[in-house]
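Please walk through this structure with attention to a few local features of the backbone and the aromatic side chains.

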Amino acid sequence: MDRADLIVEKANPKQANWVSRGAPDLAPNQARLKIDSLALTANNVTYAIFANFAGYWEFFPAGDAALGRVPHWGFATVEASNVDALPVGARIYGYLPVSTDLTIEPVAFDKTGFVDGSAHRANLPAFYNRFHLTQTDPAYHADYEDHQMLVRPLYATGWLIDDYMTTHKTPPNQVLVSSASSKTALAYAHKACEREGLTLTGLTSPGNVDFVKETGFYTHVLPYDQISEIPKLAPALYADFLGDPALRPKLSEALGDCFAGTVAIGATAWDADRSPIPSLGDTHGDVEMFFAPGHAEACAKRMGPVPFFSAMNGDMRDFYPVSAKLIKARHIQGRKEIIEAWHDTMDGKIAPTDGLILKL
């Protein structure tokens, strides 16, 4: 087996190359996972762009401070194991690199899975260190594996964003959602549209307006060049999935005193001009950085771990068949093809109806 990792330049993650390597011998407390398949979405671009802020580069070190391995979500099979509780052949779902395989140190087993106790992950968010055994995972659905990879982490993020907005210091009557066709935004909107009295205004590129309207999740859908038509409902919070610094002051100007602030979530516009915008300034509201693992811990503390995970997993399983109607899974196989798919994702060339699955 030719073992390799997809390595990117941290300063410009579009620069990506496969690097071959050997497989080290396993220590007595280690297991090796053969990575089977991974989802590739705009969420992975966010991981790469916000990696320095959120520590995403630390999960899978590349051995060079200038290089990194972008995390993804997917399935793997235990290829070799020195841990009795994790037999060869066991199948798992979790946070994985674009690599042929991954060596882990499984610890803290319970009935649904375990944690990677590798030393370099000890101080990283527990949310990303947990692996789920498909045989006992309450969020697993055998009929929707592709869509589980595509939407499970995104739905969890969307579900947490909805809770964050609902419990916000300024509970909104309107949420403005940029990049409204993105899978994470759709996950958020699927949950938020159940909120009585909440107006969801989706903002998207002109070519995606019809698709976003057809989801039925949004109260209003507008292209970016029509933000002057946004209803002036207060307070209005901006859920920023796009990450384009030029848009926020325009929204602030269009809504005036109705604009209550921004919750920064993603960066689908990863290559947007981020230089200062002196003409409009930041006249309304604060900018808050949303960090899903941190809010997950807050939810679990407030609700109790069992009710929290039960509620989120139940809503998530309900979303799988919904997402399957909206998104067609498209398998990408071959190392050259995987790099091309990464480039297309970073360039925003993937249609919202396509869900890319990398086959390793």
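Proline 235 sits in the loop that runs between β13 (220–223) and β14 (236–240). The model is a predicted one, and in it the peptide bond leading from alanine 234 into proline 235 is cis, with omega near -10 degrees.

Two other loops hold residues with an unusual sign of phi to look at. Alanine 108 is not a glycine, yet its phi is positive, at about 50 degrees. This alanine 108 belongs to the loop between β8 (106–107) and β9 (113–116). Its relative accessible area is 53%, and the cut-off for exposed is over 50%, so alanine 108 counts as exposed.

Serine 179 also has a positive phi, near 50 degrees, and is a residue other than glycine. Its place is the loop between β11 (174–177) and α5 (183–192). The relative accessibility of serine 179 is 9%; because buried means under 20%, serine 179 is classed as buried.

The aromatic side chains come next. A pair of aromatic rings is described by how far apart the centres are and by the angle of the planes. Counted with a limit of 6.5 Å between ring centres, the model has 22 aromatic pairs. One of them joins phenylalanine 59 and phenylalanine 60: the ring centres are 6.4 Å apart and the planes stand at 45 degrees, so this pair is tilted. Phenylalanine 59 and phenylalanine 60 are both buried.

Phenylalanine 127 and tyrosine 128 make up another aromatic pair, with 5.2 Å from centre to centre. Their planes are 85 degrees apart, and because an angle over 60 counts as edge-to-face, that is the class of this pair. What is the exposure of each partner, buried or partly exposed? Phenylalanine 127 is partly exposed, at a relative accessible area of 24%, whereas tyrosine 128 is buried, at 3% relative accessibility.

Both of these pairs belong to one aromatic cluster, whose members include Phe59, Phe60, Phe127 and Tyr128. Tyr47, Tyr56, Trp73, Phe75, Tyr93, Tyr95 and Tyr140 are also part of the cluster.

Phenylalanine 75, a member of that cluster, has a charged neighbour as well: arginine 91 lies over the face of its ring, at 4.6 Å from the ring centre. A further arrangement of this kind involves tryptophan 18, where arginine 335 lies over the ring face at 5.2 Å from the centre.

Methods. Residues numbered from 1 in each chain as written. Predicted model: local features only at pLDDT ≥ 70, side-chain atom pairs only at ≥ 80, totals over all residues. Heavy atoms only, no water. Phe/Tyr/Trp six-rings, centres within 6.5 Å; stacked < 30°, edge-to-face > 60°. Buried < 20%, exposed > 50% of the residue type's maximum accessible area, 1.4 Å probe, protein only. Lys NZ or Arg CZ within 6 Å of the ring centre and 35° of its normal. Helix = DSSP H or I, 4+ residues; strand = E, 2+ residues; numbered from the N terminus.
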